[in-house]
Amino acid sequence: GISGDAAGLVGGVRAEIDISRIGLLLGYTNFISGTPGIQIHQFNVMGGYSFFSSDELTWRVLGGLDVMMREGATAYGPVVGTTLRSMFGGRLGLDGALLVPLFPFRQFELRAAFVIQWSVFEAHLGWRVQVVDATMSGTIATLFSTSPGINGPVAGIGVTF
């Protein structure tokens, strides 16, 4: 992220699978703070339905489980979201997602990226905003005004089968 009180780094891996109209998203994110010794690990396991599922347009509505771990504390909760991917002419496209865990902690994640595809490989270049209130207190309004967040550019490499 490029904003916030302390610099940090975020790394992640995700797999997205569509079998007919059934969608599956598996994700892992590691938040590494600029403060020594603080790391947050987040896992998402989501399944759902693809309203459109083709090479040109894939739109999924998903629900599942979100797990966040930090310094021996673990929080489990339901998560809902949607993903959208649209490829123009087979080589250029857009990829985006909105994920919202419902409880025990409030969170909001939005990412959008341009996709450049060659053969089975892809480059993703875009932006990610994610705010997390792991205190399990406050309101939706305080989530955006006081919670730590990631707000910055994202780059990734993908493999598509």
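**Salt bridges, a pocket and a nonpolar patch**

The structure holds 8 salt bridges. The model behind that count is a predicted one, and the salt bridges make a handy way into it. Side chains of opposite charge can pair when their charged atoms come close. Six residues are worth picking out here: Arg-14, Glu-16, Asp-18, Arg-60, Asp-95 and Arg-111 are linked in a network of salt bridges.

Before going through that network, a word on the overall layout. The protein has 161 residues, of which 32% count as buried. There are 9 strands and 1 helix. Read from the N terminus, the order of elements is β-β-β-β-β-β-β-β-α-β, with the helix sitting between β8 and β9.

Back to the network, starting with Arg-111. The side chain of Arg-111 meets that of Glu-16 in a salt bridge, at 3.6 Å from N to O. Glu-16 belongs to strand β1 and Arg-111 to strand β7, so this pair ties together parts that are 95 residues apart in sequence. The two partners sit in unlike surroundings: Arg-111 is buried, at a relative accessible area of 13%, while Glu-16 is partly exposed, at 28%.

Arg-111 also has a salt bridge to Asp-95, and here the closest N and O atoms are 3.0 Å apart. This second pair links distant parts of the chain too, with Arg-111 in strand β7 and Asp-95 in strand β6, 16 residues apart. In this case both partners, Arg-111 and Asp-95, are buried.

Another pair in the network is Asp-18 with Arg-60, whose closest N and O atoms are 2.8 Å apart. Asp-18 is in strand β1 and Arg-60 is in strand β4 (residues 57-70), so the salt bridge ties together parts 42 residues apart in sequence. Arg-60 is buried, with just 4% relative accessibility, whereas Asp-18 is partly exposed at 29%.

Several of these charged residues turn up again in the largest pocket. Rolling a probe the size of a water molecule over the atoms shows where empty space is left. The largest pocket holds about 1400 Å³ of space. Its lining is made up of 50 residues, and those closest to its centre are Arg-14, Glu-16, Asp-95, Arg-111 and His-124. By kind, the lining splits into 19 nonpolar, 19 polar and 12 charged residues. Strand β1 (residues 8-19) gives the most to this lining, with 11 residues.

The outside of the model has a feature of its own. A nonpolar patch on the surface is formed by Phe-88, Leu-92, Leu-94, Phe-114, Ile-116, Trp-118, Val-120, Phe-121, Leu-125, Ile-157, Val-159 and Phe-161, which together have about 1300 Å² of accessible area. Four strands each supply at least two of the patch residues: β6 (92-101), β7 (106-118), β8 (121-133) and β9 (149-159). Of these, β7 gives the most, with 3 residues. One of the members, Val-159, is placed in strand β9 and is partly exposed, with a relative accessible area of 48%.

Another patch member, Phe-161, also shows how parts far apart in sequence can end up in the same region of the fold. Ile-17 and Phe-161 are 144 residues apart in sequence, yet their C-alpha atoms are 9.6 Å apart in space. Ile-17 is in strand β1 and is partly exposed, with a relative accessible area of 37%.

Finally, two serines stand out for their backbone angles. Most residues other than glycine have a negative phi, and most peptide bonds are trans. Ser-20 goes the other way, with a positive phi near 60°. Ser-20 is in the loop between β1 and β2 (22-33), and is exposed, with a relative accessible area of 62%. Ser-119 has a positive phi as well, near 55°. The place of Ser-119 is the loop between β7 and β8, and Ser-119 is likewise exposed, at 57% relative accessible area.

Notes
Residues are numbered from 1 along each chain as its sequence is written. This is a predicted model: local features need pLDDT of at least 70, side-chain atom pairs count only at pLDDT 80 or more; totals for chains, interfaces and linings use all residues. Side-chain values use heavy atoms; hydrogens and water are left out. Patches are made of residues with over 30% relative accessible area and no salt bridge: like charges are joined within 9 Å, nonpolar side chains (Val, Leu, Ile, Met, Phe, Trp, Tyr) within 5 Å. Accessible areas come from the Shrake-Rupley method with a 1.4 Å probe; for residues, only the protein chains shown count as cover. A salt bridge is a side-chain nitrogen of Lys or Arg within 4 Å of a carboxyl oxygen of Asp or Glu. Buried means under 20% relative accessible area, exposed over 50%, partly exposed in between (1.4 Å probe, protein chains only). On a 1 Å grid over the protein atoms alone, a cavity is a set of points where a 1.4 Å probe fits but cannot get out, and a pocket is an open set with protein on both sides within 12 Å along at least five of seven lines; lining residues have an atom within 4 Å of a point. Grid points are joined across faces, edges and corners, and a volume is the space filled by probe spheres set on the points. Ala, Val, Leu, Ile, Met, Phe, Trp, Tyr, Cys and Pro count as nonpolar, Asp, Glu, Lys and Arg as charged, and the others, Gly among them, as polar.
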